[in-house]
There are 2 protein chains.
Amino acid sequence: MKPDARDRLIEGTRELLWERGYVGTSPTAILSRSGVGQGSMYHHFAGKPDLALAAEQRSAELMQQQIVDAFAVKGTAFERISGYLGRERDVLRGCSVGRLTADPDIMADEKLRAPVRETFEVLHENLRRTIAEGVAAGEFADDLDTDEIASTIAAVIQGGYALARAAQAVAPFDRAVRGVLSLLRASARP
Amino acid sequence: MKPDARDRLIEGTRELLWERGYVGTSPTAILSRSGVGQGSMYHHFAGKPDLALAAEQRSAELMQQQIVDAFAVKGTAFERISGYLGRERDVLRGCSVGRLTADPDIMADEKLRAPVRETFEVLHENLRRTIAEGVAAGEFADDLDTDEIASTIAAVIQGGYALARAAQAVAPFDRAVRGVLSLLRASARP
DNA sequence: GTCTATAGCCCGATAGAC
DNA sequence: GTCTATCGGGCTATAGAC
């Protein structure tokens with residue numbers, strides 16, 4: 001079954017937002033990538049912001065599902081966190097949701113920002129809960145602030161992408177992840 | 001003394017690149033912000049990429065100077081690192097250099113990417129050296145990988161900006177910074 | 001050095017046929 | 001639902017006067 005025009009438009013917009021952001025994505029480019037005609041696009045969507053919102057929502061949904069799945073596995077808290085950090089990623093491509101934080105037109109609009117905000121909230125809550133479980137199990141130091149460490153880990157991922165892109169190499173991302181995991185593991189020593 | 005047209009053009013471009021990135025910044029907007037005429041712009045610069053390069057170089061120079069200054073102060077390694085992380089920042093505005101990593105047109109061009117790459121190299125080296133000094137002084141665990149921790153700290157800063165923008169609040173940045181500092185301090189315990 | 005005028009193109013969106 | 005034609009405007013850049 002060939003995906004329908006509406007679906008192809010969302011997927012094409014999603015890819016372009018990921019690569020080039022909102023200002024860098026034109027309806028013409030979306031049509032070209034989706035293989036859909038102009039009339040079709042304005043039939044299914046009111047315009048560029050409407051299409052961008054649908055694409056964002058799909059990216060957010062996919063990302064949130066990956067997060068929930070990654071933290072639902074069996075294992076210690078450390079294993080689940082390191083499993084999420086080490087899961088397969090196209091590091092130089094970066095994060096389809098995190099990319100949008102660089103776009104002022106998206107950040108300035110409550111509706112367009114909502115999927116980004118919600119996705120980071122889901123990530124934060126999964127990290128925080130897992131860290132709390134690790135503290136309860138004696139894996140981590142019991143004086144850890146779970147909200148702080150959750151934010152630290154989320155920041156390492158997003159910032160790791162930035163370092164990797166600046167270097168055009170995956171190594172800085174991998175180093176940043178190994179570094180935070182080594183600090184987290186060491187916190188249990190006393 | 002009124003700054004000359006060339007200087008005002010660079011500063012206007014620098015601000016716009018910071019706020020809106022390369023694709024989001026038009027020569028027209030640069031003229032409007034700089035209060036300079038069109039003929040003047042094309043007299044001083046070959047075009048948009050040339051002007052962007054000059055603006056990037058100024059941002060990189062300012063950032064590198066701030067980094068060098070912040071790590072040149074007296075104090076323990078931990079104090080210098082926490083001093084750099086806690087220095088005054090306009091968190092929601094983000095990093096004038098790190099912002100550029102989101103721009104594919106800049107990342108794809110070796111010349112335009114160079115100032116970004118070099119600035120992160122300077123930050124990494126200052127962090128790495130300071131961490132090594134802290135390990136030598138017994139402040140930090142002696143099994144820390146200094147390159148990894150340096151990348152982790154740099155990533156926390158850049159990623160912290162992304163989290164803050166997604167939430168339109170400074171709190172996630174501050175939490176991420178406090179978290180990584182608490183892990184770093186705890187590493188000395190054994 | 002700085003000005004105004006203009007080129008040629010692509011932008012986001014609409015109209016109306018089929 | 002999808003097509004083609006077209007709009008008004010902003011884009012990056014050049015021309016040529018002063």
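The exercises below, each with a worked solution, concern a predicted model.

**Exercise 1. Describe the overall make-up of chain A, from its secondary structure to its extent in space.**

Begin with the elements: the secondary structure of chain A comes to 9 helices and 0 strands, and from the N terminus on the order reads α-α-α-α-α-α-α-α-α. Next, take the extent along the principal axes, where the C-alpha atoms of chain A fill a box of roughly 65 × 35 × 30 Å. Then turn to burial, for which 53% of the 190 residues of chain A count as buried. Finally, consider the contacts in chain A with a separation of 6 or more, of which 68% are accounted for by residues 24 or more positions apart.

**Exercise 2. Find which residues of chain A UniProt lists for "domain: HTH tetR-type" and for "DNA-binding region", and describe each span.**

Start with the domain: an unreviewed UniProt entry lists residues 3–63 of chain A for "domain: HTH tetR-type". Over these residues, 3–63, the chain is 77% helix and 0% strand, with the end C-alpha atoms 21 Å apart. Continue with the other annotation, for which UniProt, again in an unreviewed entry, lists residues 26–45 of chain A as "DNA-binding region". Residues 26–45 are 75% helix and 0% strand, and their end C-alpha atoms lie 14 Å apart.

**Exercise 3. Decide whether A:His124 counts as buried or exposed, and name what A:His124 touches.**

First locate the residue, which has its place in helix 7 of chain A, a helix made of residues 110–136. The relative accessibility of A:His124 is 14%, and because buried means under 20%, A:His124 counts as buried. Leaving aside residues up to four places away in sequence, A:His124 touches A:Asp147, A:Ala150 and A:Ser151, as well as B:Arg175 from chain B.

**Exercise 4. Work out how helix 7 of chain A is placed against helix 8 of chain B, and which residues make the contact.**

Two packed helices are described by the angle between their axes and by the distance between those axes. Here the axes of helix 7 of chain A and helix 8 of chain B (residues 146–167) come within 8 Å and cross at roughly 125°, which means that helix 7 of chain A is oblique to helix 8 of chain B. The crossing in which helix 7 of chain A passes helix 8 of chain B is left-handed. From helix 7 of chain A, the contact is made by A:Arg113, A:Val116, A:Arg117 and A:Phe120, and from helix 8 of chain B by B:Leu163, B:Arg165, B:Ala166 and B:Ala167. Sorted by class, this contact has 5 nonpolar, no polar and 3 charged residues.

Key. Residues are numbered from 1 along each chain as its sequence is written. Chains are lettered from A and ligands numbered from 1 in the order in which they are written. This is a predicted model: local features need pLDDT of at least 70, side-chain atom pairs count only at pLDDT 80 or more; totals for chains, interfaces and linings use all residues. Side-chain values use heavy atoms; hydrogens and water are left out. Helices (H or I, at least four residues) and strands (E, at least two) are DSSP runs, numbered from the N terminus. Buried means under 20% relative accessible area, exposed over 50%, partly exposed in between (1.4 Å probe, protein chains only). Contact means heavy atoms within 4.5 Å. Axes are lines fitted to C-alpha atoms, for helices over the stretch in contact, and angles run from 0 to 180 degrees between N-to-C directions. Angles under 35 degrees count as roughly parallel, over 145 as roughly antiparallel, 65 to 115 as roughly perpendicular and the rest as oblique. A crossing is left-handed if the near helix is turned anticlockwise from the far one by less than a right angle, and right-handed if clockwise. Ala, Val, Leu, Ile, Met, Phe, Trp, Tyr, Cys and Pro count as nonpolar, Asp, Glu, Lys and Arg as charged, and the others, Gly among them, as polar. UniProt positions are given in the numbering used here, feature names are shortened, and annotations may be inferred rather than shown by experiment.
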